[in-house]
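Student: I am new to this structure and would like a close look at a single part, the sheet and what lies against it. Could you take me through that part step by step?

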Amino acid sequence: MKILVINAGSSSLKYQLINMDNDEVLAKGICERVGAKNGHFEYKTKNGKTEKDIEMKDHTAAFEVVTDALTKGEDKVIDDLSEISAVGHRIVQGGALFNKSCLVTDEVIKGIASLDDLAPLHNPAAVQGIKACRAVFGDKLPEVTVFDNAFHSTMPPEAYMFGVPYEYYEKYAVRRYGFHGTSHRYVSQECAKIMGRPLEDLKLITCHLGNGSSITAIEGGKVVDTSMGLTPLDGFIMGTRSGGLDPSVVTFLQEKEGWTPEETSIILNKKSGVYGISGGLSDDRDLLKAKAEGNKRAKLALDMLWYQIRKFIGAYIAVMHGVDAIVFTGGIGENSQPLRQNICENFAYLGVTFNPEENKKAIKGVGGEISGPDSKIKVYVIPTNEELMIALDTKAIVESLGK
């Protein structure tokens, strides 16, 4: 079975074609600047990478460029689109409507669209992606939606409710939803396999750290709390996002600077975080380099990030009355050796021992245990694979239909 995994953005379309017989990625890439005249297409197979500038007027046109690359020319990986058994779509926000992956229907599309206010950049693009897929493949090919926040739907009310009047939860569904759920689900399952224990018996803290970051407490295979909230802005500081703030900081600055709601959103989402603290650096590698060169603001940005990560982990240990393992994943989690060392050494009082040699090995897609053999809490680096998780969900749903 071959499954096409799609992650549609407002002006982009990421894709992977996966052979589910052996989990092999046959082809992957991205369509960028969809809707603009300076569109760009990237296509990668085991034979190498090709790219070209091409105008794609909409997501349907982008799908056609992808399917042409998959089926035509020297770098094709299939002979005909009929070899694709299903398409899996990543959907950022399923709200309270969707707590698990599901087959695409007209009602599901309407439900995703009804949540546009909660994810104005992502959900409309996802609907475009689904409709574009139908335009290219027809409506008989099974499509499955996998929701980024679904894994977090097990949180109890005391974790997902905000301290605002209850009527706003009833009227607008204002609550904590969480994100990166597909990644947290994947690495938690992989962690249980590595430990040789049932996931249901474990208390885990999974740290998805990248330009966007979140930390999740998982007890018995179920999420009990997560750092992101109504939107991906909540939690701790990230590449360009502020993370959690005293709400009065926002209203105070709006009054002083005269920001509109739109301007406020831009400042908090795109100009804050380590970018805003450091003075324009958001990439972890650039920050580490600048810190080594004596840049005090870069050092402050990293100190804040590492401190806030430790604080969330500590809080979640308290929530679960202990923890069996901590997992690092995501671009920074999988590659920032200094960050992992800082976190581990600061939990020595809880019995975490750190293995610096194994920490050095865990980089660029290589995972492993970075805690010592005598560590009371295990610490792992586990490369995430959200696309495979989406494909696995899609395969399970398609097989349940008997197709």
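Tutor: Here is a walk through the sheet and the helices that lie across it, with a short stop at a helix further along the chain.

This is a predicted model, in which local features need pLDDT of at least 70 and side-chain atom pairs count only at pLDDT 80 or more, while totals for chains, interfaces and linings use all residues. Residues are numbered from 1 along each chain as its sequence is written, and side-chain values use heavy atoms, with hydrogens and water left out.

Let's begin with the sheet. It is open and built from eight strands, with mixed pairing, and the order across it is β5-β4-β3-β2-β1-β6-β8-β7. Strands here are DSSP runs of E with at least two residues, helices are runs of H or I with at least four residues, and both are numbered from the N terminus. Two strands count as paired if DSSP finds at least two bridges between them. At the edges are β5 (48–53) and β7 (102–103), each of which pairs on one side only.

Now look at β1 (residues 2–8) and β6 (residues 84–91): these strands pair in the parallel sense, over five bridges. Within that pairing, Leu4 stands opposite Val87 in β6.

Next come the helices across the sheet. Helix α1 (residues 59–71) lies across β1, β2 (12–19), β3 (24–32), β4 (40–45) and β6, and runs at about 35° to β2. Helix α3 (residues 123–137) lies across β1, β6 and β8 (143–147), at about 165° to β6. Both helices therefore involve contact, meaning heavy atoms within 4.5 Å. The angles run from 0 to 180 degrees between N-to-C directions, and the axes are lines fitted to C-alpha atoms, for helices over the stretch in contact.

Finally, follow the chain to helix α15 (residues 386–400). Its 15 residues should span 21 Å at 1.5 Å a residue, and its end C-alpha atoms are 21 Å apart, which agrees; the expected span is 1.5 Å times one less than the number of residues. Among the buried residues of α15 are Leu388, Met389, Ile390, Ile397 and Val398, and also Glu386 and Asp393. Buried means under 20% relative accessible area, exposed over 50%, and partly exposed in between, using a 1.4 Å probe and protein chains only. After α15 comes Gly402, whose phi is positive, near 80°.
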